[in-house]
Amino acid sequence: MNRNKYKFESKLWRINGSFASYIIFPGDAKQIFGKGLVYVHATVDDLEFDCCIVNKGYDHYKGRPTYTISINKDKLDALGKYYGDTVTVTVKERER
């Protein structure tokens with residue numbers, strides 16, 4: 001298991017047809033963690049929760065898949081953030 005913490009900033013992207021959002025993990029999760037589905041403990045601004053980094057296949061990057069973390073409407077409301085806003089994110093791999 002990768003015990004490193006990764007801190008980055010991301011724009012909140014809207015999930016089409018939903019009030020939910022997602023953030024983009026800026027690295028290649030498969031290369032960093034050895035897998036494309038990674039269970040993590042995340043902090044988005046000051047909100048902490050468990051979630052997954054998943055391969056969504058979105059074409060934000062050329063030559064590799066895009067890895068994302070979903071943020072549901074309740075979490076967006078708790079953050080006081082909306083699509084297009086930028087958040088500070090910290091993730092650390094966790095056990096399933």
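## Aromatic cluster

Y6, F8, F25 and F33 form one aromatic cluster in this predicted model. A search of the whole structure finds 5 aromatic pairs. One of them joins F8 and F25, whose ring centres are 5.5 Å apart and whose planes stand at 90 degrees, so this pair is edge-to-face. Because F8 belongs to strand β1 (residues 5-11) and F25 to strand β3 (residues 21-25), the contact ties together parts that are 17 residues apart in sequence.

Both F8 and F25 are buried. F25 also forms an aromatic pair with F33, and here the arrangement is tilted, with 6.0 Å from centre to centre and 50 degrees between the planes. F25 counts as buried because its relative accessibility is 2%, a value under the 20% cut-off. F33, with a relative accessibility of 10%, likewise counts as buried.

## Strand β4 and its partners

Strand β4 spans residues 38-44 and has two faces: V38, V40, A42 and V44 make up the covered one, while Y39, H41 and T43 lie on the uncovered one. In a regular strand the side chains alternate between the two faces of the sheet.

Two strands pair with β4 in the antiparallel sense, namely β5 (residues 47-55), over 7 bridges, and β7 (residues 86-93), over 5 bridges. Individual residues can be followed across these pairings: Y39, from the uncovered face of β4, has C52 of β5 as its bridge partner, whereas V44, from the covered face, stands opposite V89 in β7.

## The turn at D45

D45 is located in the loop between β4 and β5, and the hairpin that these strands make has 2 residues between them. Although D45 is not a glycine, its phi is positive, at about 50 degrees. With a relative accessible area of 27%, D45 is partly exposed, since that class lies between the 20% limit for buried residues and the 50% limit for exposed ones.

## Charges over rings

Two lysines are placed over aromatic rings, and each can be described by its distance from the ring centre. The charged end of K11 sits over the ring of W13, at 4.1 Å from the centre. K75 lies over the face of F49, where the distance to the ring centre is 4.9 Å.

Terms used
Residues are numbered from 1 along each chain as its sequence is written. This is a predicted model: local features need pLDDT of at least 70, side-chain atom pairs count only at pLDDT 80 or more; totals for chains, interfaces and linings use all residues. Side-chain values use heavy atoms; hydrogens and water are left out. Buried means under 20% relative accessible area, exposed over 50%, partly exposed in between (1.4 Å probe, protein chains only). Helices (H or I, at least four residues) and strands (E, at least two) are DSSP runs, numbered from the N terminus. Two strands pair if DSSP finds at least two bridges between them. Rings of Phe, Tyr and Trp (its six-membered ring) pair if their centres lie within 6.5 Å; planes under 30 degrees apart count as stacked, over 60 as edge-to-face and the rest as tilted. A charge sits over a ring if NZ of Lys or CZ of Arg is within 6 Å of the ring centre and within 35 degrees of the ring normal.
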